[in-house]
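These are my notebook entries on a single protein chain. I set down each item I looked up and what I found.

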Amino acid sequence: MKRILQAELAAALLVTLSTGAALSHAGLERREASPNSTYRGVVQINHGCNGEPTNRVSVTIPEGVIGAKPMPKPGWTLTTEKGPYAKAYPYYHGDISEGVKTITWSGGQLPDDQVDEFTFVARITDAFAPGATVYFPVEQDCAKGNYRWSEIPAPGQDSHALKSPAPGVSIVAAQAKAPSGTASASSGTIKAGDLTIDTPWMRATPGGATVAGGYVRITNTGAQADTLVSATIPLAASGSIHSMTMDGGVMKMASVEGGLVLKPGETVELKPGSYHLMFEGLKASPKVGESISGTLVFARAGSVPVTFAVAPIGAKTPIGAKAPIDAKAPSAPAAAEPAAGHHQH
């Protein structure tokens, strides 16, 4: 009996030590991604350096991961270093051959007894096949001391055997991704994490048009803000978020840099005459009555598949709607509709 008890205590101690070691490393919240998909990287810092607060976190973006964009953090200075890729990769706006290689947050104060997250969004290319692992080395500096989570296991080596392992992301086939991140649709409403996405639609365009407007209503039911970063449809070379305002009787449109913030508990509507999606480089014209598959990309919720219903040219509401949806578009006053013959979004 005594031997059995000792064995159980030893096993419990081993589990405790293993768990403590795992928690001590810098890690990534999302540990799976698919080729040719948007990945939301959340670097988790779980402790300081022997009691000292963390004041700098830097993550290296590996080759084959492109279009990296960091999320700012209040109280921290954000910097990026750009450089050439080893080759050109297909991207929303055509092939790209350079981009962000290192992201650094510095100047903040993360006490040793607290945890925090440092977020970026990037695209995993098909340079990685299912079964591969992508490593994101992380540097952590403190008031005194530092850690370099940069060790990458050799083929066949267990990463748990490394003293300072780099956070890794397992590449899986799209259909094998964890169901927790999968959007589900019911009665035209899509749930993706804390977000409810309702009534994605767009306007038909005349033949030869190169741009189209897209619209959607989004509710953030969570306790944390999210950001709508971009959108895609197969018919367009690129998709982004634009604002439309009137200034002295002149209509002005501008790209929303950094994406559209969705505050906790807020419902926002991208609609004609205000915030909207801008699809550019059309390869074909959306036609009334069509359903066009697309994707909305969020900083927290990740890539969410949606289907845009196509309404007539100049429509102010989706097909079947009796009146415009009553939801606000944050930080931008609604603009008057542009005059006939002008670009309408």
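**Entry 1: the disulfide.** I began with the link of cysteine 49 and cysteine 142, which is right-handed, with 65° about the S-S bond. I note that the model is predicted. The sulfur atoms of cysteine 49 and cysteine 142 are 2.0 Å apart, and the two residues form a disulfide. The structure holds one disulfide. A disulfide is a covalent bond between the sulfur atoms of two cysteines. I then asked which parts of the chain the pair links. Cysteine 49 is in the loop between E3 and strand E4 (54–60), and cysteine 142 is in strand E10 (residues 138–142). These parts are distant along the chain, as the two cysteines are 93 residues apart. I also checked burial: cysteine 49 and cysteine 142 are both buried.

**Entry 2: a sheet of four strands.** I next followed strand E3 into its sheet. The sheet is open, has the order E1-E3-E8-E5, and its pairing is antiparallel. Strand E1 (27–28) and strand E5 (65–70) are at the edges, each with a single partner strand, so one side of each has no neighbour in the sheet. Strand E3 (residues 37–45) and strand E8 (residues 116–124) are joined by nine bridges in the antiparallel sense. Looking for one bridge to locate by eye, I recorded that the partner of tyrosine 39 in E8 is alanine 122.

**Entry 3: a sheet of three strands.** A second sheet I looked up is also open, with the order E2-E12-E9 and mixed pairing. Its edge strands are strand E2 (32–33) and strand E9 (133–135), and each pairs on one side only. E2 and strand E12 (residues 168–171) run parallel and are joined by two bridges. Glutamate 32 has serine 170 of E12 as its bridge partner.

**Entry 4: a hairpin.** I turned to E14 and E15. Strand E14 pairs with strand E15 (residues 195–203) in the antiparallel sense over four bridges. Isoleucine 190 stands opposite isoleucine 197 in E15. Two residues lie between the strands of this hairpin, and glycine 193 takes a positive phi near 65°. Which side chains of strand E14 (residues 189–192) point to one face and are buried? I found that they are Ile190 and Ala192; Thr189 and Lys191 point to the other face and are not buried.

**Entry 5: the nonpolar cores.** In soluble globular proteins, nonpolar side chains tend to be buried together. With this in mind I looked up the largest nonpolar core, which has 31 residues. Leu228, Leu277, Leu296 and Phe298 touch the most other members. Strand E24 (residues 302–311) gives the most to this core, with four residues. Another core, of 27 residues, lies apart from it and includes Leu28, Ala33, Ile45 and Ile171. I listed the contacts of phenylalanine 298, leaving aside its neighbours within four places in sequence. Among them are Arg40, Leu195, Ile197, Asp226, Leu228 and Val304.

**Entry 6: alanine 301.** Alanine 301 is in the loop between strand E23 (291–298) and E24. Is alanine 301 buried or exposed? Its relative accessible area is 16%, and buried means under 20%, so alanine 301 is buried. Leaving aside neighbours within four places in sequence, its contacts are Arg30, Arg40, Ala192, Leu195 and Asp226. Alanine 301 and aspartate 226 are 75 residues apart along the chain, yet their C-alpha atoms are separated by 7.5 Å.

**Entry 7: aromatic rings.** A search of the whole structure gave nine aromatic pairs. Tyrosine 85 and tyrosine 89 form an edge-to-face pair, 5.7 Å centre to centre with 80° between the planes. Both tyrosine 85 and tyrosine 89 are buried. The ring centres of phenylalanine 279 and phenylalanine 308 are 5.6 Å apart and their planes lie at 80°, so this pair is edge-to-face. Phenylalanine 279 is in strand E22 (residues 276–280) and phenylalanine 308 in strand E24, so the pair ties together parts 29 residues apart in sequence. Phenylalanine 279 and phenylalanine 308 are buried too. I also recorded a cluster in which ring pairs link Tyr39, Phe120 and Phe136. Last, I noted a charge over a ring: the charged end of lysine 73 sits over the ring of phenylalanine 118, 5.0 Å from its centre.

Definitions and conventions: Residues are numbered from 1 along each chain as its sequence is written. This is a predicted model: local features need pLDDT of at least 70, side-chain atom pairs count only at pLDDT 80 or more; totals for chains, interfaces and linings use all residues. Side-chain values use heavy atoms; hydrogens and water are left out. Two strands pair if DSSP finds at least two bridges between them. A nonpolar core is a set of buried Ala, Val, Leu, Ile, Met, Phe, Trp, Tyr and Cys residues joined through side-chain atoms within 4.5 Å. Buried means under 20% relative accessible area, exposed over 50%, partly exposed in between (1.4 Å probe, protein chains only). Contact means heavy atoms within 4.5 Å. A disulfide is a pair of cysteine sulfur atoms within 2.5 Å. Rings of Phe, Tyr and Trp (its six-membered ring) pair if their centres lie within 6.5 Å; planes under 30 degrees apart count as stacked, over 60 as edge-to-face and the rest as tilted. A charge sits over a ring if NZ of Lys or CZ of Arg is within 6 Å of the ring centre and within 35 degrees of the ring normal.
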